[in-house]
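User: I would like to learn how to read a ligand site and the cysteines in a model. Can you take me through it step by step?

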Amino acid sequence: MKRILTIQDISCFGKCSLTVALPLLSSMGVETVILPTAVLSTHTLFKGFTCKDLSDQLTPITDHWKQEGITFDAIYTGYLGTEEEIDTVIGIIEAFRNENTLVIVDPAMGDNGKLYPAFNEHYARKNASLCAIADISDPNLTEAAFMTGLPYREDYSESYIREMLLALAGIGTKTPILTGVSLSEGKTGAMGYDSENKTFFSYQNDRIPAAYHGTGDIFSSVLAGAFVLGLGRENAIRIAADFTAHTIAETLKDPADPWYGVNFETAIPSLLKSLQSLREPE
Ligand code: PXL
């Protein structure tokens with residue numbers, strides 16, 4: 001069984017970060033080791049959230065794993081709290097990485113042209129230094145713009161997306177993947193760049209006209225699972241984009257209850273079906 005380490009916070013309520021990554025990766029058949037960076041009552045878009053920082057636990061926990069000889073096929077990082085924490089996480093990646101370890105970084109820090117309340121531009125540049133050591137990173141356009149210094153645009157052409165991907169590869173990520181990319185009217189999905197083969201790749205599905213918090217974490221978790229299972233980049237973005245779209249569709253079935261995340265739970269059977277068909281093509 002493949003083993004992944006995921007490093008991000010626990011937002012107790014709110015369907016994001018570890019409460020999404022753990023069930024999704026486990027259901028994909030990947031042993032999921034967690035390193036919680038903080039425990040919050042809710043994610044940071046709620047007013048008055050509590051936060052217990054666990055930064056001082058990260059090194060003792062990972063030192064213990066080292067003593068026990070624990071290894072990982074992949075390390076996947078999500079929302080992190082502070083610049084110091086990013087430095088600690090870079091150290092952990094360096095300590096556990098070997099030539100076969102896949103490092104997947106979701107520099108979760110903003111959306112819709114704005115950083116989340118806890119962050120500033122300095123933090124965004126620090127996140128770029130984490131993306132620099134990643135095999136795969138999957139920022140949205142907001143995060144990519146803050147990391148590369150390129151302007152954030154809502155109206156764009158494919159050439160803007162290509163320019164952004166080349167800039168992300170310039171930072172150091174081997175395979176940057178931009179999420180929330182619409183390449184034609186009524187469509188949305190992801191586009192990536194493989195800097196080793198110098199090739200672009202993309203996947204688009206129908207845009208569902210609704211936006212929910214936490215979908216970035218859902219996309220990243222499935223993407224990380226697909227990569228560690230060896231599905232390949234084209235299949236990885238496809239299964240992640242299709243599943244994310246399915247979770248939004250599931251949520252729209254329940255209009256009384258939509259504002260704190262998507263109903264990814266009831267979509268899990270479809271994820272397992274897609275996974276099975278990709279692993280055992282007919
Ligand atoms: O979904 C990203 C995320 C994760 N963790 C925390 C957050 C957010 C986004 O707001 O606040 C604590």
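Analyst: Start with polar contacts to the ligand. This is a predicted model. In D217, a polar side-chain atom sits 2.7 Å from a ligand oxygen atom.

User: Which other side chains place an N or O atom by an oxygen atom of the ligand, and at what distance?

Analyst: T44 has a side-chain N or O atom 2.6 Å from an oxygen atom of the ligand. For H213, a polar side-chain atom is 3.1 Å from a ligand oxygen atom.

User: How much of the ligand does the protein bury?

Analyst: Compare the ligand alone with the ligand in place. Alone, the ligand exposes 310 Å². The protein buries 99% of that area.

User: Which pocket does the ligand take?

Analyst: The ligand occupies the space of the largest pocket.

User: What surrounds the ligand, and how do I sort those residues by class?

Analyst: List the neighbours, then count by class. The residues around the ligand include D9, S11, C16, S17, L40 and H43. Also among them are T44, L45, Y79, Y116, H213 and D217. The shell splits into 5 nonpolar, 5 polar and 2 charged residues.

User: Now the cysteines. How many disulfides are there?

Analyst: Check the sulfur distances. A disulfide needs two cysteine sulfur atoms within 2.5 Å. The count here is 0 disulfides. For C51, the nearest cysteine sulfur belongs to C12, 10 Å away. For C131, the nearest is that of C16, 18 Å away.

User: Are C51 and C131 buried or exposed?

Analyst: Read the relative accessible area. C51 has 48%, so C51 is partly exposed. C131 counts as buried because its relative accessibility is 1%, and buried means under 20%.

Key:
Residues numbered from 1 in each chain as written. Predicted model: local features only at pLDDT ≥ 70, side-chain atom pairs only at ≥ 80, totals over all residues. Heavy atoms only, no water. Near = heavy atom within 4 Å. Polar contact = N/O pair within 3.5 Å; in protein donor to acceptor, adjacent residues only side chain to side chain. Areas by Shrake-Rupley, 256 points an atom, 1.4 Å probe, with all protein chains shown as cover. 1 Å grid on protein atoms, 1.4 Å probe; cavity = no way out; pocket = protein on both sides within 12 Å on 5 of 7 lines; lining within 4 Å. Sits in = over half its atoms within 2 Å of the grid points. Nonpolar A, V, L, I, M, F, W, Y, C, P; charged D, E, K, R; others polar. Buried < 20%, exposed > 50% of the residue type's maximum accessible area, 1.4 Å probe, protein only.
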